[in-house]
Amino acid sequence: MDFPMFHLDWLNNRMLIAIIAILHVIINHGLAVGFMPFVTWLEQRGVSRSGKDQITDLEWDKMVYKIMKVAFIITTTIGAMTGVGIWFSVALVSPASIGSLIRVFFWAWFTEWIVFVTEVILIMVYFLTWKNSNSSLKAKIRHINFGWYLSIFSWITMAIIVSILGFMMDPGNWQTHHSLLNGFTNPIYLPQLLFRTPTAMLVAGIFGMFLITLFTKKDTNLRTSAVKYASKWLLLWAPISLIGAFIYYRAMPEAMTANLSTAVGTITFAQYYNTLLYVAFAGAGLTIIIGIIGVYKTKLLKPYMVVIPVVTAIAYLGFFERVREFIRKPYVISQYMYSNLLLKDDYVVYKQDGVLKHATYTTVNEVTEENKVEAGKNVFTIACSRCHTAQGVNSVVYVFDRMYGGTGKPLDIASMAAYMPNMHTGRTFMPEFPGNEKEAEALATYIRYLQQTGDVLEGAQEEGITINPNNTASALINKKK
Amino acid sequence: MLTSLFIALQSATPVPKDIPLPLPLPEWLLIFLLVVSFLVHILFVNLMVGGSLLTLWSQIKGLKNKEYDILAHEIATTITVNKSMAVVMGIAPLLCINVLYTIYFYSANALTGLMWLAVIPLVTVAFLLTYLHKYTWKLLENNKPVHISILAVAVIIFLFIPFIFLTNINLMLFPEKWALVKGFFSAMTLPNVFPRYFHFIFASLSITGLFLHWYMGRKNYPFDTIFPTFSRYELKKKGYSLTLVASVIQFLIGPLVLLTLPSKGLGWNLVLVIFIGAAIAIPAMWMMWKGIQGDERTIDKDFKKVLILMTITVVFMGTGRQIYRSNALEKHRELVRLKTDEFQQIKKDAIPKSKEAKAQESTANLTEAQKGENVFKQNCTACHKPDVKLVGPPVIEMASIYKGNKAGLQSWIKKPGKKRADAPQMPGFESQLNQEQLDQLAEYILTIK
C-alpha cells in the first residue's frame, strides 16, 4: 500500500522471517541465556575440583574454556547477526507494522538495546579475560562472578524481548495505553517466561554436553565427570521445562480467546496446539533419558547420541515459536493492524472506494473489463502477498484448489469472487478482504490466471515499482490548488 | 535505451501516506541521537574495515619480514572486538532512522531487497572468517597462502558491504528516483554512491592509523615481549603516516562528494558545516606532520590534540550528512504530511456513510428468513451456495438433511462434525453467532426453496 512490496514468491515472506527468527532464538536461548550459567557453573566446579595448592583444575578449565569459545564465536557472529536479521527481514516484509511498533515502543527497544550492549560487552570481557584470570584465585573468583552477572544480563535481555512480543499479541493495550508495563502484565507473559527460562537451560545443557563429548577423549576421567555434570544439569531442568511448557500450553487459549475469540476454532491451529504437548514430552523425555544414561552409564554415551536431543531441542523450541506466531493472526498488531499491513480503521475507505485507488504503488488504479488480470495482481500484492505466494510455499492457487477438493480442475472465478468478501468469517486467521466487489472478481480472475499459466509474482526488489497516478506529487498539488 | 528513456519521462514522485502515529520523542532529540549513535557505530565500523585492511597488508609483508606477521597478528586481535561493537552500536542509529524516516528508509530497503537482506549472511560469513583467521594462526603457520586467503575473502566482503548501506542511504533521499530503480545494482549507480564509498574507505584508514598509534603506545601493553625488533616509536610513526596520507586524500575526495551530491539538498548551511569541519582537520594534520618529523620523545606530544581536533571534524561531517538529508527530504515530507491528513479526512467522511448503509439494512422490515439470509451471506457463503456444491454441500442439501431437526442443524453449525470424505473440516461458529442469529439461520436454511 504505502511501501514498495518486497516479495519472495517461492520461499514465502513469512517463512523468511520464521527461519531467521527460529535460528536466532535457538542460539540466543541455547548458547547465551542458558549457556552462560551452565559455563559459569562448570568453571566454578573446576575451582572446587582442584587441589589445595592450585587455583583451578587446569585440564578441566581448559575444556570449559573451549566450549565457551564455541559459544562465544557463534553468539557474536550468527547469534548477533540473526538478531539484526529479524529486524531487516521484518522491515522488508512488514514495514508498516515494525514502523508502528517502533514508534510506540521506542523506549522498550531502546532499553533493550542498552541491556544488549551491556550483555555483549560483558560476554567479551568474560571470554577475553578468561586466560589472564587463571593467575590468582582472587582473579579467578572475580571472573566467575563476571560469569554470573553475564548470565543475569542475558536473562534480562530475554525477559524484555518476551514482553515486546507480548505487546503485539495483547488486545486493547494498543488503543488504551501504550506503555512498556502492559507487555509485562499480559496474561501470557509469565507463562512464556516460565517456559523459556528452563527450556533455555535445558537446550544449553544439551549443546554443552555435545561440545563436551567433542572436546574430550573417550574413556578419560575428564569426559566421564564432565558428562556426569552435564547430565545432572539436564535432569534438573528437564522436568521444570516440562512444567513450564504445560503452564504455557494452558495459558495459550485464554490469551487467544481474549485476542480473537475465534482462533481456537481454526483447524490448523488446533492441529498445532494438540501436537504441542507431545513435542514437549518428546523433547524433555529424550533429554531425561540421555541425562539418566549420562549419570549412570556414562561410558555408553557417544557423541552421535547427543545429536539426537540436540535436534529434538531445536524442534521443541521451533515448534513453540510457530504456535506463538499463530496466535497473532490475522493481526500483526492486535485489533489495530492486519497482517496485510492495512489498518483496521482504514477498511471503511477501501471497501467504499476499492484498495487500488488509494494504493501508492500499483500499475492499475481501477478495475475495468480489460485489465482484470493486471488489477488482480495488484490486489493480490496488497491483500494476500504477505502470507501467500503465487506459486511457492502456501501458494494461493494451492489453497484454493485444496479448499475446492484438491482436484486440480480449473478454479471457478465466480465462486472464488464470492469467497473473498467472507473469507475472514470461515477462516479467522485471515484478515477481511479489503477491496470492493470488482476487485474481488479481479483477484479471482488473477488466481485462475496464475493456475493456468504458472506465472510467478515478482517483488519490488526485482520488478521495481509503478506509481499510482492518483498518488504522485503532482496529483496532490493539483488537488490542493 | 528507448524504454528507459520512456520510463524516465513517465517517472513521478510517489507520495505515500505516513504511519499515523506521533513520534516517540521530539524530532530534534531523535536527530541528535541519530547523529551521535551513528558516529559511534561508524567509528567501530571504520576500525573493523581499516583494521582488516591493515592486517592483510601487514601479513603479506610478513611473508618476507617476520616482524610484520607479528604486527598483523596484533591488529587481527582487535578486529573481532571492534566488529562486535560495530554491530551492537549499529542498532541505535537503525532504530532512530527507522523512526524518523520510516517511509524513506523502508522503501529504499524494499527496492534493493535481496542485496539488503544479503547483508546478514555476508557479514556473518565475514565475521566467522575473521575468527577462523585469528584462531588458525599457529595451525596454518606453514601454509601462509591459505591463511592469508581466509582474511582476503573477509576483506573483500568488508569492502563490498558499505556499497549496500550507501546505496540504501542514498536511495532513500530521492523518492523521485524510486520508480526508475530495478533492483540493487541499478540503485547503486545513482550518482554519489561511489564518491561516498571512497570517502568512507579513506576515513577508515585514517581512523585506523590513529588507533594504531594509541594501541601500540598503551602503558600496559607488553610491547617488548611481543615485538623482537620493532620499536613503539616506529609503529606510532607508521600510524601517524597512515592517518596523514589518508587525510590528504580525503581533501581530494571530499570536494568530489560535495560536487556529485544532487543539488536538491545542497544549501549554505551544509557547505558551511562541511568547510568548518574540514578546516579543523588542517591543524591536526600539521601536528601529525610535526610528529613524524620529530623523534621518539616528541611523537606523543600532540596526540591528544590531534584526537580532539579529528573528533570535532568527524562530528561536523556527521552533522553535514544529516543536514543534507533534512534539506533533501524537507519538501517531500511536507507532501507526505498533506497526504496523510487528506486520507484521515477521507476516512472521517467514509465512516458515517458506511454506518448509514448498515443502519438502513438492519432497520428495514425483514422477515425472519431474510435476516437469516443475511447472516448466511456474512458467514457461510464463503463455502456454501444455495443450490450447488462449493466447499461444503448446497443449502438445499442441508434443508433435506435437517428437515424438522432445527436443534440438530444448530448444533452442527456450532460444533460441526466430519462427514464427507472429500470435504475439508468446516469451522465452528459457536463463539461468533448468538442464539437469535442461529434461529434466523435455521429459518432461512430450512425454508429454502
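In chain A of this predicted model, 77% of the contacts between residues at least 6 apart in sequence join residues that are at least 24 apart, where a contact means heavy atoms within 4.5 Å. Chain A has 481 residues, and 62% of them are buried; buried here means under 20% relative accessible area, exposed means over 50%, and partly exposed lies in between, with a 1.4 Å probe and protein chains only. Chain A exposes about 18,500 Å², of which carbon and sulfur atoms supply 64%, the areas coming from the Shrake-Rupley method with a 1.4 Å probe and, for residues, only the protein chains shown counting as cover. Chain A has 21 helices and two strands, which are DSSP runs numbered from the N terminus (helices are H or I with at least four residues, strands E with at least two).

Residues are numbered from 1 along each chain as its sequence is written, while chains are lettered from A and ligands numbered from 1 in the order in which they are written. Because the model is predicted, local features need pLDDT of at least 70 and side-chain atom pairs count only at pLDDT 80 or more, whereas totals for chains, interfaces and linings use all residues; side-chain values use heavy atoms, with hydrogens and water left out.

One helix of chain A can be followed in detail. Helix α19 of chain A covers residues 437-453, and its 17 residues reach 24 Å from the first C-alpha to the last, close to the 24 Å expected at 1.5 Å a residue, the expected span being 1.5 Å times one less than the number of residues. Among the buried residues of α19(A) are A:Leu443, A:Tyr446, A:Ile447 and A:Leu450. An α-helix has 3.6 residues a turn, so residues three or four places apart point the same way. The cover over the buried residues of α19(A) includes α14 (355-358), α15 (372-383), α16 (396-403) and α17 (413-419) of chain A. Just after α19(A), A:Gly454 takes a positive phi of about 70°.

The two chains also meet each other. In chain A, 85 residues are in contact with 81 residues of chain B, and the two chains bury about 7,300 Å² between them, 72% of it on carbon and sulfur atoms; buried area is the accessible area (1.4 Å probe) that two parts lose on being put together, summed over both. A:Met81, A:Phe88 and A:Arg103 supply 12% of the area that chain A buries against chain B, more than any other three residues. From the side of chain B, B:Thr124 lies in helix α5 (residues 113-135) and counts as buried because its relative accessibility is 11%. Apart from neighbours within four places in sequence, B:Thr124 is in contact with A:Thr77, A:Ile78 and A:Met81. Across the interface the rule finds four salt bridges, a salt bridge being a side-chain nitrogen of Lys or Arg within 4 Å of a carboxyl oxygen of Asp or Glu. The side chains of A:Asp346 and B:Lys347 form a salt bridge at 2.8 Å, N to O.

UniProt, in unreviewed entries, lists transmembrane regions that include residues 104-128 and 233-252 of chain A and residues 86-107 and 306-324 of chain B; such annotations may be inferred rather than shown by experiment.

| Span | Helix | Strand | Distance between end C-alpha atoms |
|---|---|---|---|
| Chain A, residues 104-128 | 96% | 0% | 38 Å |
| Chain A, residues 233-252 | 100% | 0% | 28 Å |
| Chain B, residues 86-107 | 95% | 0% | 24 Å |
| Chain B, residues 306-324 | 100% | 0% | 27 Å |
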